[in-house]
Every structure is written in C-alpha cells, then in structure tokens.
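Me: I am new to this structure and would like a close look at a single part. Please walk me through it step by step.

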Amino acid sequence: TTNFLVFPYSSSGGQLMLNVTQPLLKDLWLNPTRLSIQIRKNELRQSELGFRNTIMGLVNQVEQAYYLLRAGYERVKVQESALELAERLLKENKKRVEVGALAPLDEKQSEAQVATSQADLLAAKRDLAVLMNNLIALMTDDFATWTSAELEPSEPLKAERQFYSVQDSWSKALTLRPDFLAQQIALENQGIVVKINRNGLYPQVDLRAGGGYSGSRNEFSGALSDIEQREEPSWYVGGVFSYPLGNRTAKYNYKNSKASYETA
C-alpha cells in the first residue's frame with residue numbers, strides 16, 4: 001500500500017500473512033458451501049431426469065395416438081359395413097312391402113336404421129379426423145402445412161400375448177423410472193438441507209492462528225525487502241465464540257426441514 005496523495009511518497013507498507021481457522025463445533029463435520037454445491041448438482045440431475053421423462057411421455061403419446069388412429073380407421077370400416085347392411089335391408093323390405101309380404105311400418109323402421117347408421121358413420125369419420133390431427137400435432141410443430149395431409153397407419157392392430165414378470169417390472173421401475181429417480185434425488189437434497197440446518201444449531205467456536213511478516217520502509221521496494229528479509233514478524237493464536245440469543249431462527253429452520261424430509 002502507498003499513500004499516493006503525498007508527493008514524494010512518504011511511506012509504504014505491506015504484509016504477507018497466513019491465517020488459519022479451525023471450527024470446533026459449527027462447521028466441524030461438514031462444509032455448508034460444499035453441501036450447497038452438491039444440492040445444485042443434484043438439481044441438475046433432476047432436470048436431466050425430467051427431460052428424459054418428458055421424452056418418454058412424448059414417445060408414449062405418439063404410440064397411443066398411432067394405435068387410436070388405427071382403431072379409428074377400423075371403426076369407420078365397421079360403420080360403413082353397418083350402413084351397407086342397413087341399406088340392403090331397406091331395399092329388401094321395400095320389395096316386400098310392394099308385394100304385401102311386409103307391413104309399411106317395418107319399412108319405416110329400416111329407414112330409421114339407415115339414418116342411424118349414416119349418423120354413426122359421420123361420427124366415426126369425425127372422430128377419425130380428430131385422431132389424425134392429434135397425431136399430426138405430436139409429430140410436427142408446423143401444423144399448417146399438414147392440414148391437408150391424411151395419415152393412414154401401415155401396420156394393422158395386433159394383440160399378441162405378452163408375458164410379464166412382476167419382479168422384473170419392479171426392478172426396472174426402481175432403477176429406470178425417471179420420476180422415481182428424481183424423487184430419490186429430491187429426498188437426498190432434503191436430507192442435505194436437514195444436515196445444514198442442524199449444523200446451524202451449534203455455536204460458532206473457532207480456533208484461529210496466523211502469522212507473517214510486515215514491511216514499512218519509505219520506498220515500496222524497501223517494504224518488499226523488509227518482508228523478504230523477515231524484519232517485522234508477527235503472529236497470533238486465539239479463538240472466537242459466537243451464538244445468537246435463543247437461536248430461534250436456526251431451530252425453526254431445522255424443525256421445518258426435518259418435517260419436510262419426513263414428508264418426502
């Protein structure tokens with residue numbers, strides 16, 4: 001350090017010191033700063049798992065939308081067949097009414113069945129259009145260019161029998177499910193918070209020691225020379241005790257974090 005307000009420079013000074021602090025109660029067994037960094041790292045892992053869970057959910061939605069679209073096409077075919085049968089029955093009933101083999105009321109019932117089949121076919125086609133739009137929305141964000149497109153699944157619906165192992169499914173769920181793993185990390189983070197807050201219950205009792213050399217010649221180079229020659233040594237040993245009266249904030253934080261941990 002130099003007094004630049006006085007010319008020529010009247011004094012210079014400097015110190016080379018080494019200070020060491022050793023906690024004896026609070027911060028003795030853990031480092032809150034390092035634990036906070038660990039929490040942030042865990043939150044990064046949670047974010048990655050959340051992204052993975054989103055991707056898995058999107059893939060599942062696409063698969064479900066594909067199968068629903070396939071089923072929608074099948075329903076349209078069923079309703080077309082139903083309408084064809086209803087129209088054929090109406091045609092036959094008209095001939096029977098003309099020859100007097102059937103009452104006119106039966107013809108009206110056949111006409112009502114044709115109208116019902118037509119309505120069911122229109123509803124099936126409407127549902128098919130909705131299912132098609134749902135799949136398109138999952139496949140692209142440029143929906144406008146796909147409005148005139150018609151998607152038709154290339155594979156038929158298959159109902160192949162599958163066998164599952166409860167133990168294998170359980171093991172995969174505990175090791176691969178992103179939502180479960182994210183909850184485990186959240187529980188770990190809450191446990192770290194409990195440790196940090198429990199650490200805050202202890203009083204601050206630190207052992208401190210330090211020492212070094214000073215320089216105070218008029219010239220800056222002289223001050224550096226004093227330090228190099230170790231002309232003015234100094235050292236100290238002492239302690240610091242600090243404890244808030246009541247320490248209510250730390251107690252509340254600890255109880256609150258512990259309750260949150262038990263809930264998690």
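Reply: Let's begin with a pair of strands: β1 runs antiparallel to strand β2 (residues 204-215), and ten bridges join them. This is a predicted model, where local features need pLDDT of at least 70 and side-chain atom pairs count only at pLDDT 80 or more, while totals for chains, interfaces and linings use all residues. Residues are numbered from 1 along each chain as its sequence is written, and side-chain values use heavy atoms, leaving out hydrogens and water.

Strands here are DSSP runs of E with at least two residues, helices are runs of H or I with at least four, and both are numbered from the N terminus. Two strands count as paired if DSSP finds at least two bridges between them. One bridge links Pro-23 to its partner Asp-206 in β2.

β2 also pairs with strand β3 (residues 232-242), again in the antiparallel sense, over eleven bridges. There, Gly-211 faces Trp-235 of β3.

Trp-235 leads us to the surface: with Leu-24, Leu-25, Tyr-202, Leu-207 and Val-237, Trp-235 makes a nonpolar patch of about 670 Å². Such a patch joins nonpolar side chains (Val, Leu, Ile, Met, Phe, Trp, Tyr) within 5 Å, from residues with over 30% relative accessible area and no salt bridge, that is, no side-chain nitrogen of Lys or Arg within 4 Å of a carboxyl oxygen of Asp or Glu. Areas come from the Shrake-Rupley method with a 1.4 Å probe.

Leu-24 sits in the loop between β1 (14-23) and α1. At 44% relative accessible area, Leu-24 is partly exposed, meaning between buried (under 20%) and exposed (over 50%).

How values were computed. Patches are made of residues with over 30% relative accessible area and no salt bridge: like charges are joined within 9 Å, nonpolar side chains (Val, Leu, Ile, Met, Phe, Trp, Tyr) within 5 Å. Buried means under 20% relative accessible area, exposed over 50%, partly exposed in between (1.4 Å probe, protein chains only).
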